[in-house]
Amino acid sequence: MARVKWEERCHRCGLCCHEKVIIGDQVIYDLDAYCEYYDVKTHRCTIYLERLEKSARCQRVNRFRAMFASYLPESCAYVQWARSHHIRFAPKRHIRLARGDLNGGEEEDIPASLN
Ligand code: SF4
């Protein structure tokens, strides 16, 4: 039951399923590159219950990652949870959305929901 409640916090933005790089105070998400099991239309994982077995790169967003994972955006529900409990230890980073080359490709505006 506690696990279900924890998982229901997710906003389903899907940013954690995209390729990303951290450069200084920015985390840059590539909107064109994402996990093979990610559905870009629904922002959902297509194999959610089996994702940890089928995708070697997938990591459960648990309390530890909510506290420390730098790749999660500030808008992430789990980061917000950790911040609200004063246990977020990764520095705040600005979000950038890019397509293609993460170091000079096209940039996308940040939706209000991610600010
Ligand atoms: S970044 Fe956070 S809120 Fe967005 S899909 Fe990933 S876990 Fe959910």
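Which residues are closest to the ligand, and how many surround it? I looked there first and counted 13 residues around the ligand, with Cys10, His11, Cys13, Cys16 and Cys76 the closest. A residue counts as near if its C-beta atom, placed from the backbone, lies within 6 Å of the molecule. By class, I found ten nonpolar, two polar and one charged residues in this shell. Here Ala, Val, Leu, Ile, Met, Phe, Trp, Tyr, Cys and Pro are nonpolar, Asp, Glu, Lys and Arg are charged, and the others, Gly among them, are polar.

A note to myself on the model: it is predicted, so local features need pLDDT of at least 70, side-chain atom pairs count only at pLDDT 80 or more, and totals for chains, interfaces and linings use all residues. Residues are numbered from 1 along each chain as its sequence is written.

Next I looked up the strands (DSSP E runs of at least two residues, numbered from the N terminus). Strand 1 (residues 18–23) pairs with strand 2 in the antiparallel sense over six bridges; pairing takes at least two DSSP bridges. I saw that isoleucine 23 has glutamine 26 in strand 2 as its bridge partner. Two residues lie between the strands of this hairpin, where glycine 24 takes a positive phi near 60°.

On to strand 5 (residues 94–99): strand 2 pairs with it in the parallel sense, over five bridges. There, valine 27 has isoleucine 95 as its bridge partner.

Last, I checked tyrosine 78. Leaving out residues up to four places away in sequence, tyrosine 78 touches Arg9, Val61, Ala66 and Leu72, contact meaning C-beta atoms, placed from the backbone, within 7 Å.

Note on methods: Contact = placed C-beta atoms within 7 Å. Helix = DSSP H or I, 4+ residues; strand = E, 2+ residues; numbered from the N terminus.
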